[in-house]
Amino acid sequence: MPALDRGPNTTPATSHQEKCDTLCNTLYQPPPPLPDPIEPDLSRREPNKLPFQDITETEVHEALLSTNSNTSPGPSQISYTMLKWAWPIIQTELTTLIQKCLARGYHPQQWRRAIAVALRKPNKPDYSKPHAYRLITLLECMDKLLEKIVAHRLIYMIGHYKLIAGAQCGGRADHATTDALLSFVHDVQTAWNHGKVTSALTFDIKGYFDFVNHNRLIAEMQKR
């Protein structure tokens, strides 16, 4: 990796640590502030308006079996292959651990550590610019297993309790990009059949998952 540009009136980053800090500060910037800041109350527990069942061994096992054994592990180097191999021995302890985390609303800090690998974006004219690189985050497999179980539960609740608009295809079970395209084509052809013209607006939110405002997200989930 060449020396990285750190901006005007600053010497380029040449050492390994300087390059790491430059990539981190440039590509992992905090989310921009909202015009109407919101502070969700996390000190009190919301009443359980929706029924919650404890995570079962079957749920954990199915989530583990659905993972890709070739996925790179996080800092601990505990891979999905190791977890699958050890499952007959650790299934009770692993299930109990995940149950306790969810019952207490606790996300272990050790599982949230990650390694970021810098990969070059193809065909960039100048690789001294930090934005010419993409950071691939390697998370702990235990963390991703817990998140996979929670995501599966959320997807079920979204569909069962109709928590998002019916026309939304993302983040829903049995919905995919194909459904969105078919719906769009249907609307266009319907307009044509009535002698009308259809226009469409598409946009991409740059770095959406990196820059989502956490407080706003938590407040929306509490509201729903």
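Start in the middle: select Val60, Leu64, Leu83, Leu94, Ile98, Leu145 and Ile149, the residues with the most contacts inside the largest nonpolar core, which has 15 residues. Keep in mind as you go that this is a predicted model.

**Stop 1: the main core**

Now colour three helices: α2 (57-65), α3 (80-104) and α4 (141-160). Each of these supplies at least two residues of the core you just selected.

Zoom in on isoleucine 149. Which residues is it in contact with, once you leave aside its neighbours within four places in sequence? Show Ile55, Glu59, Val60, Ala63 and Ile98, and you have them. Remember Glu59 from that list, as you'll come back to it shortly.

There is also another core, lying apart from the one you've been looking at. It has eight residues, and you can find it by selecting Leu4, Leu23, Ala132 and Leu135, which are among them.

**Stop 2: helix α1**

Leu23 is a good handle for the next stop, since it is one of the buried residues of α1. Select residues 16-27 to see the whole helix. You can check its length yourself: at 1.5 Å a residue, its twelve residues should span 16 Å. Put a distance label between the end C-alpha atoms and you should get 16 Å, which agrees.

Next, show the side chains of Lys19, Thr22, Leu23, Thr26 and Leu27, which are buried. Turn the view until you look straight down the axis of α1: the buried residues fall within an arc of 100 degrees, so they line one face of the helix. Here's a handy bit of background: an α-helix has 3.6 residues a turn, so residues three or four places apart point the same way.

What sits on the other side of α1, and is it buried or exposed? Select Gln17 and Asn25 and you'll find two exposed residues there.

So what covers the buried face? Colour β1 (114-120) and β2 (133-139), as both are included in that cover.

**Stop 3: the cysteines**

While you're at α1, pick out cysteine 24 and cysteine 20. How far is the sulfur of cysteine 24 from the closest cysteine sulfur? The distance to cysteine 20 is 8.7 Å, too far for a bond; a disulfide needs the two sulfurs within 2.5 Å. In fact, the count for this model comes to zero disulfides.

Cysteine 24 is partly exposed, at 37% relative accessibility. Jump to cysteine 169 and the picture changes: this one counts as buried, at 17%.

**Stop 4: salt bridges**

How many salt bridges does the model have? The count comes to four, and this tour visits some of them.

Go back to glutamate 59 and add arginine 153. Their side chains meet in a salt bridge, 2.7 Å from N to O. The pair links distant parts of the chain, with arginine 153 in helix α4 and glutamate 59 in helix α2, 94 residues apart. Arginine 153 is buried, with a relative accessible area of 18%, and glutamate 59 is buried too, at 17%.

Now select aspartate 36 and arginine 216. They form a salt bridge whose closest N and O atoms are 3.0 Å apart. Aspartate 36 lies in the loop between α1 and α2, and arginine 216 in helix α7 (residues 214-223), so the pair ties together parts that are 180 residues apart in sequence. Aspartate 36 is partly exposed, at 44% relative accessible area, and so is arginine 216, at 27%.

Stay on α7 and select glutamate 220 and lysine 223. These side chains also meet in a salt bridge, at 3.4 Å from N to O. The two residues are three apart within α7, about one turn of the helix. Glutamate 220 is partly exposed, at 25%, while lysine 223 counts as exposed, at 62%.

**Stop 5: two loops with a twist in the backbone angles**

Finish with glutamine 77, in the loop between α2 and α3. What is its phi angle? About 65 degrees, a positive value, although glutamine 77 is not a glycine. This residue is partly exposed, with a relative accessible area of 48%.

Then hop to asparagine 123, in the loop between β1 and β2. Its phi is positive as well, at about 60 degrees, and again the residue is not a glycine. Asparagine 123 is exposed, with a relative accessible area of 77%.

Technical notes: Residues are numbered from 1 along each chain as its sequence is written. This is a predicted model: local features need pLDDT of at least 70, side-chain atom pairs count only at pLDDT 80 or more; totals for chains, interfaces and linings use all residues. Side-chain values use heavy atoms; hydrogens and water are left out. Helices (H or I, at least four residues) and strands (E, at least two) are DSSP runs, numbered from the N terminus. The expected span of a helix is 1.5 Å times one less than its number of residues. Buried means under 20% relative accessible area, exposed over 50%, partly exposed in between (1.4 Å probe, protein chains only). The arc is that of the directions from the helix axis to the C-beta atoms. Contact means heavy atoms within 4.5 Å. A nonpolar core is a set of buried Ala, Val, Leu, Ile, Met, Phe, Trp, Tyr and Cys residues joined through side-chain atoms within 4.5 Å.
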